[in-house]
Structures are given as structure tokens and as C-alpha cells.
Amino acid sequence: MKNQNLFNSNYAVKKGIYDEYVSEEWKVRAHYDLLSQQFSEYNNADYCKFNEEAKIVFFNEGITFAVYSDNPLGSEKIFPFDFIPRIIDHKEWSKIEKGAIQRNRAINEFLKDLYHDKKILKDGIVPKELIYSSINMSPVMEGFMPKGGIYNHISGTDIIRHSDGEYYVLEDNVRCPSGVSYVLANRNTLKKTFPKLFSKCQPQPIIDYPEKLLTMLQSVSPGISAPNCVVLTPGMYNSAYFEHSFLAQSMGVELVEGRDLFVKNDVVYMKTIHGPERVHVIYRRIDDPYLDPLMFNPDSVLGTPGLMSAYLAGNVTLVNAPGTGVADDKAVYAYMPEIIKYYLGEEQILKNVPTYRCGEDDDFKYVLENIDKLVVKPVDESGGYGISIGNTLSKEQIEEVKKSIKENRRKYIAQPIMSLSVHPTFIEGEDIIEPRHIDLRTFCLLGKNTEYVLPGGLTRVALKRGNLIVNSSQGGGSKDTWVI
Amino acid sequence: MQYKLEYSATNIYAQHVYGAYMKFLIHPYAAFGVQASFPYFQTSAEGAWWISNSRKQEVSEIFFKTDVRFDWLDIFYSTDVFVPEINPFEREWLPVLKEKSILNSTDWIIDNYKYIHSAKIRPKTFLTFEQVTEFVMPNKGNLIDKIIALRDQVHAYLEFVSGVTTTQTIASEVLQLKKGVCQDFVHLFLAVLRNNGIAARYTSGYLNQGENIRGASQLHAWVECHIPNVGWVGIDPSNKLLVDHNYVKICHGYDYDDCMPLRGVVNTFSQDQSSNYQVKVQQIQ
């Protein structure tokens with residue numbers, strides 16, 4: 001279907017895919033009315049101008065990311081940005097917000113339980129094999145309670161809208177998710193590009209995120225009223241270095257590398273020109289294995305020797321806690337509805353992608369009959385191993401998968417292949433506006449008595465036609481996200 | 001029993017070292033009446049050292065930090081330790097059926113799963129059930145009898161030879177070599193025990209020297225198995241013994257990696273270094 005009037009271009013939407021901007025009857029959705037009116041005044045030349053302006057802002061402000069595969073020396077690229085904002089209606093947003101908090105509270109309880117009483121395993125809700133096969137289950141965290149009882153201080157929940165118009169959670173990221181600096185940068189850029197539209201729409205503000213982040217970090221400090229917080233980065237060659245420096249700068253705290261810190265008597269100090277300065281809270285953007293060469297990977301030069309001893313002695317707080325990765329595994333994800341119910345006694349607000357458990361007769365039958373439409377995953381293998389995507393398999397491979405399921409039914413689960421909604425996006429080079437697939441990463445902060453979800457979050461867009469992969473490393477870009 | 005424990009090490013580096021940060025796991029584990037005096041710790045390079053109990057209250061890790069330049073490092077540690085006398089056979093084993101019902105309970109399995117599960121991600125003690133079929137666990141008797149039977153099979157299977165393995169040798173290599181030192185005995189024994197559903201952990205420590213006792217001038221390793229109503233019981237596969245007051249435990253973990261006596265970071269330009277250490281256990285009373 002095509003409509004000549006939309007964005008003055010040939011805007012076409014495939015049937016069976018949800019378009020965020022227009023309904024199937026080619027009616028602009030109500031919360032996009034103001035944007036639609038404003039855009040009706042523009043033509044293709046204006047779009048090119050907006051695009052150029054946005055790029056210049058990104059370039060001047062150094063909003064970049066690095067792709068390791070492109071260049072091992074870590075050269076940086078401008079983060080691709082699309083100037084057409086994604087708009088979420090505030091009613092829908094309030095559901096997403098509640099859902100994200102609910103999920104992350106449940107994940108926090110889950111982690112607390114896994115590293116202490118293990119009730120959920122004893123009650124048979126989540127299989128123990130799944131947890132103990134995970135490389136992210138950290139034995140050093142066993143029996144240790146982080147300050148304030150918080151493990152996943154910062155979480156990123158990836159959400160998509162399926163063809164049925166419903167939001168589904170695709171995955172949880174509780175190992176220091178990145179991307180929030182682009183949300184703030186996108187907003188800053190778009191404010192300059194569309195000042196009028198911005199004041200008409202009044203999207204919910206996000207400017208206070210660094211302040212909320214700092215408040216959260218301070219809330220989990222080890223018992224000091226004015227704690228010294230730092231951002232720990234692997235260094236300037238890391239793909240998210242821009243974000244690390246941006247967050248440190250906007251919070252007004254020091255950005256440090258592992259070598260800038262040292263540990264003495266289980267206390268962490270920062271080397272400064274005024275002498276050692278004690279550090280209380282570390283927002284670390286270094287993965288668990290690299291944190292402390294004396295505890296984990298002995299070859300790590302990114303971390304600080306002795307850091308984990310200081311942490312376990314309770315003299316410093318690491319954000320997020322080590323060992324959180326066990327909760328954001330793809331196979332654990334399948335159990336999220338049960339995990340939420342088990343700890344909070346609530347039904348999940350945001351839906352999980354439906355999951356078929358081959359151990360149950362009806363599900364088993366359905367999976368065998370519809371295997372080409374499903375993603376089959378083993379429950380006891382973490383890290384994405386052994387996953388088969390039905391529509392990419394040959395006949396022989398399908399038979400093999402069926403055979404393995406029949407041999408050990410309890411070992412497998414299956415989920416439908418989901419489609420992502422589309423959103424009008426400016427295509428550079430062709431200089432037209434076309435629908436492209438998008439997802440949404442929300443950012444949730446959990447502190448001692450504080451809960452916060454950044455209104456909107458990061459909308460990622462797959463810039464290649466038909467592509468479902470929205471990751472920036474795979475040619476994806478981002479959009480500003482407005483909650484109105 | 002009262003012992004004087006000594007640990008001395010020399011590390012020689014190929015190029016200058018500009019500062020180092022080290023962690024020693026050599027001080028006795030403080031539990032079950034074992035009492036160690038505050039240690040004497042000295043190094044050839046000037047620096048600061050302290051004791052950390054952050055890993056576990058009972059475990060004392062000695063940290064050493066120096067910022068001076070050196071080419072070699074001598075370390076000397078000593079402590080006096082009291083170990084209460086125990087007879088490892090005098091324990092209250094539960095009746096077989098009661099013991100079995102506890103061992104099969106979900107709570108027991110999950111509480112001990114960390115040490116029952118033979119994890120692929122930890123290859124030092126990973127073997128599949130098919131690889132250990134040679135070691136047969138008897139059907140009858142208490143858990144301790146079964147463990148002793150397996151211990152004797154592992155002891156008979158391996159020959160105690162120094163220098164054929166390193167601290168990086170994994171269980172599947174030990175199985176093929178049929179030779180090794182105490183930690184290889186322990187790694188293979190752990191793999192066998194875990195494949196039979198027995199909770200077992202790696203334990204490092206000192207061993208009071210005696211005649212025909214293996215692993216006395218080095219730090220020793222043995223296994224601890226969790227037995228209902230009794231707790232963790234030490235079993236030494238290299239010497240075919242049950243652990244008594246001649247053994248002074250330092251710490252336990254899943255495998256050798258959790259109990260390495262020395263981990264460190266040195267600032268230098270060459271990876272080449274030679275190091276050797278020795279321990280001395282002297283009985284005072």
C-alpha cells in the first residue's frame with residue numbers, strides 16, 4: 001500500500017506489520033497529530049537540511065561510538081541519528097514504566113535469592129541446571145548482600161511492538177547496559193532542530209537523568225553522607241567511551257580507569273594530585289571478569305587489583321553488582337513470568353514473548369508441528385548456545401532439532417519469531433522517508449528506596465530496508481523518543 | 001597439636017619490576033578450634049602488607065603492595081598454629097537409610113549443588129559420567145564408605161610423579177597421563193565424586209611431615225566431602241588417608257583456581273620470571 005500524501009513521499013507499509021505512525025486505514029495515530037501537521041509544511045529539501053544539521057551537531061559534540069570489527073585501533077563513528085522522533089502516548093508509557101519497574105524489582109529479588117537461600121530453585125520454579133551452567137553465576141557473590149540489597153541498580157529492558165500492537169519484552173540487560181547518553185544527546189539535538197514542535201508537544205523531560213543516577217549511586221554508598229562516586233571505564237578504545245565520559249561529566253564525578261585506583265587495607269582510593277582520595281561508589285563499565293585480576297581474569301589490565309576484596313569487605317559499592325549476568329540470560333528470560341509471580345505475587349505487566357515448554361504435552365505437540373515458525377532454545381545452556389531459528393533451517397536440520405527435542409523434552413523451550421514495528425525514518429542517500437523497524441530500550445534505576453524509569457528511552461532503528469537488527473554495531477541508528 | 005608453619009618464596013624477574021600487588025593464600029583457616037597467631041611477614045622489597053578477611057571470615061588473605069623497583073622478590077611468612085586433635089573415624093554417621101533420604105532431598109541437592117555439579121566451564125575438574133565409569137561406587141554402606149572406596153580407586157589409578165603436570169593441567173589430561181601430584185589427584189577425585197552426586201570441594205593447606213607422606217615440602221591439597229549430620233570431611237587421595245590434626249587447612253573452593261597460594265600483578269615489561277617456594281611444618285608439641 002502506498003500513500004502519496006505521507007511525508008510527500010512514497011511511504012509504504014507492509015501488511016501484517018505494525019506501523020507506529022499510521023493505522024492500517026492510513027489514519028495518522030492521534031499522538032502523532034502535532035508532528036504530522038508540522039511535517040506537512042516540509043519537503044524533501046527540508047528533510048535533507050534537518051539531517052545535515054543533526055549530523056553537524058553530533059560531529060561537533062563528539063557523539064560517537066566505535067565498532068571493533070571495522071577498525072581494531074578503535075576509530076570512532078558518528079552515531080547514526082534519525083531526526084523523526086518516535087512518540088509514545090503517555091497512557092501506554094505509564095504501562096511500560098510500571099512494567100519495567102516490576103520486572104527489575106523481580107530480577108533483583110531473584111538475584112538476592114540465587115545468592116542466598118535459593119528458594120526458587122528448591123521450589124522447582126527455575127531449573128537449577130540452567131543457573132549453574134551459567135558462566136555469569138558468580139561464586140564469590142554467594143552469601144554476600146550488596147549495600148541496600150540492590151544488585152541491578154541500572155537495567156535496560158528491550159521492548160518491541162509486535163504485529164498485534166502489543167508491547168513485548170525481548171530481553172533484559174542487567175550488566176551495565178549502555179545507550180543512555182545517546183538518549184540525552186538525541187534530545188539535545190532535536191530540541192535545536194525542531195524548537196517549535198518541541199514546545200507544542202511538551203515531551204516528558206529527561207534532562208534530570210544524570211541527577212537521578214547520582215542520587216541512586218549515593219543511596220547505595222557504604223554508610224557515608226557525602227560519598228565519593230566515580231565512573232570506571234575500560235578506557236578510550238571502548239565502544240561506549242563517549243557514554244562513560246558523558247555520564248561522568250554530567251554527574252560532576254571523576255571518570256577513572258583501573259590504574260587510577262588502588263586498594264589498601266580493603267579500601268579503594270583514587271590517585272589525585274592532592275594525594276589519595278577515598279572512593280565509596282563505583283559505577284563500573286567494566287565487565288565482571290576484568291574487574292580484579294586477583295579475583296577473576298589474572299590477565300586483566302583494565303581493573304584494579306584488590307577491588308573485589310574491598311567490595312566484599314563492604315567498603316565500596318559496585319554498580320551493578322558482580323554476578324548479575326545470571327539473571328539476563330536468554331533461557332532465564334523464559335521464566336520471567338513465573339519469577340515475577342513468585343517474588344511479587346503479581347501478574348506481569350509487560351508481556352514476555354510466549355514460551356512453549358516441550359515438557360508439557362500440548363506445547364510439545366505444537367512445537368513439533370510448527371517448528372519452522374519458532375525459535376527453539378535449550379533451557380540448560382546459557383549464552384545463546386544451541387538456539388535454532390525455525391525459518392533459517394534446512395529440512396535435515398529441522399529433523400535433527402525434532403529428534404533432539406524428542407530425546408529430552410524437558411530440555412527445550414520454543415518461542416514464536418517476533419516481528420518488530422516500523423516507524424517513518426529518513427533514508428540518507430535516497431533522501432526519502434520510509435518505514436524502518438524499531439525497538440525500544442528503557443532504562444530503569446533501582447536504588448535504596450528509589451525507583452525511576454527514564455521517560456522514553458532509546459529507540460533504535462534498523463536503517464537497512466527489511467533488516468530486523470537494530471544494533472549500532474550492525475548499521476543501526478537511533479531516534480529521539482517522546483512521551484506525550 | 002602446635003605447629004610452626006613457614007612459607008618462603010623467591011621470584012626472579014627477567015626485567016625490572018616497577019611495583020607489584022600480590023595476594024597470598026597461605027594463612028590457616030580459622031575454624032573448628034584451629035587458632036593461628038598473627039603472622040610474621042617479610043619481603044625483600046619495601047612495601048605495605050595487610051590481612052583481609054573479606055572473602056570469608058575464616059579465610060585470611062595476605063595482601064602486599066609495593067611501589068619500589070626490584071629485580072627479584074623474597075617472601076618469608078611464618079605463624080604458630082594450634083590444631084585440636086581429632087580422630088577422623090570417631091564421627092556420628094547417620095543410619096544408611098536416613099542418610100540416603102537426606103542426600104536425595106531437593107534442599108540438600110540445591111544447597112550443595114555448587115559442589116555437586118560437574119561444570120563444563122571449570123575444566124580442571126570436569127569429566128563426563130562416561131569418562132569416569134572405571135571408578136565404581138559401591139551400592140551399599142554409608143556415604144563415607146563409598147567415598148573411601150572411590151578414594152582408593154583414584155589412588156590406585158594415579159602414580160605420584162612430580163614435574164609431569166602443571167597447575168594448569170585439567171582432569172581429562174590427568175585421566176590420560178595417569179600421573180601427577182596432589183592437586184591432580186584431587187582434581188580427578190573431585191570429578192569422580194561429583195559425577196556420583198557427592199558434594200566435594202578442593203581444599204588447600206599444610207601437611208605435617210611424616211615418613212612416606214607425599215606433598216610435605218610444598219603446600220598440599222585434599223578433598224572435603226559434605227556428609228549429612230557430620231559436615232565437611234577431609235579426605236586425602238594422594239596419601240589414602242582421612243584428614244586429621246596433621247593437616248592444616250588454608251581454604252577451599254571449586255578447584256585449584258579458587259585456592260591459588262599466590263596471585264599477583266607486577267609492573268614489568270617481560271612475562272619471563274622464575275619462581276620457587278617451599279613450606280616447612282614443624283611440630284612444637
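**Exercise 1. The second largest pocket**

Which strands of chain B each supply at least two residues of the lining of the second largest pocket? Then describe that lining.

*Solution.* The model is a predicted one.

Step 1. Find the strands. Strand 9 (220–227), strand 10 (231–236) and strand 12 (247–253) of chain B each give at least two lining residues.

Step 2. Rank the shares. Strand 10 of chain B has the largest share of this lining, with 4 residues.

Step 3. Locate the centre. Of the 26 lining residues, Phe32(B), Ile86(B), Arg91(B), Glu224(B) and Trp232(B) lie nearest to it.

Step 4. Sort by class. The lining holds 15 nonpolar, 4 polar and 7 charged residues.

Step 5. Give the volume. The second largest pocket offers about 610 Å³ of space.

**Exercise 2. The contact between chain A and chain B**

State how much area the two chains bury, and which residues of chain A lose the most area to chain B.

*Solution.*

Step 1. Take the total. Chain A and chain B bury about 2200 Å² between them. Carbon and sulfur atoms account for 63% of that.

Step 2. Pick out the main losers on one side. In chain A these are Lys122(A), Tyr132(A) and Leu294(A), which together make up 32% of what that side buries.

Step 3. Count the residues. Chain A puts 28 residues into the contact, and chain B puts in 25.

Step 4. Look for charge pairing. Side chains of opposite charge can pair when their charged atoms come close. Between the two chains there is 1 salt bridge. Its partners are Lys122(A) and Asp111(B), with 2.7 Å between the closest N and O atoms.

Step 5. Add the polar contacts. The count between the chains is 8 residue pairs, both residues at pLDDT 80 or more.

Step 6. Map the side of chain A that touches chain B. Helix 4 (119–122), helix 5 (128–132), strand 10 (261–264) and helix 10 (307–312) of chain A each supply at least two of its residues. By class, this side has 14 nonpolar, 5 polar and 9 charged residues.

**Exercise 3. A salt bridge within chain A**

Explain what the pair Glu428(A) and Lys55(A) ties together.

*Solution.*

Step 1. Set the background. Over all chains, the count is 38 salt bridges.

Step 2. Check the pair. The side chains of Glu428(A) and Lys55(A) form a salt bridge, 3.0 Å from N to O.

Step 3. Place both ends. Glu428(A) sits in the loop between strand 20 (422–427) and strand 21 (432–447) of chain A, and Lys55(A) in helix 2 (residues 44–61) of chain A, so the bridge ties together parts 373 residues apart in sequence.

**Exercise 4. Backbone exceptions**

Describe the backbone at Asn320(A) and at Cys176(A).

*Solution.*

Step 1. Recall the usual case. Most residues other than glycine have a negative phi, and most peptide bonds are trans.

Step 2. Inspect the peptide bond. Val319(A) and Asn320(A) are joined by a cis bond, with omega about -10°. Asn320(A) belongs to the loop between strand 14 (317–319) and helix 11 (330–333) of chain A.

Step 3. Inspect phi. Cys176(A) is not a glycine, yet its phi is positive, about 50°. Cys176(A) lies in the loop between strand 7 (167–173) and helix 6 (180–193) of chain A.

How values were computed: Residues numbered from 1 in each chain as written. Chains lettered and ligands numbered in written order. Predicted model: local features only at pLDDT ≥ 70, side-chain atom pairs only at ≥ 80, totals over all residues. Heavy atoms only, no water. Contact = heavy atoms within 4.5 Å. Buried area = accessible area lost by both parts, 1.4 Å probe. Salt bridge = Lys/Arg side-chain N within 4 Å of Asp/Glu carboxyl O. Polar contact = N/O pair within 3.5 Å; in protein donor to acceptor, adjacent residues only side chain to side chain. Nonpolar A, V, L, I, M, F, W, Y, C, P; charged D, E, K, R; others polar. 1 Å grid on protein atoms, 1.4 Å probe; cavity = no way out; pocket = protein on both sides within 12 Å on 5 of 7 lines; lining within 4 Å. Points joined across faces, edges and corners; volume = space filled by probe spheres on them.
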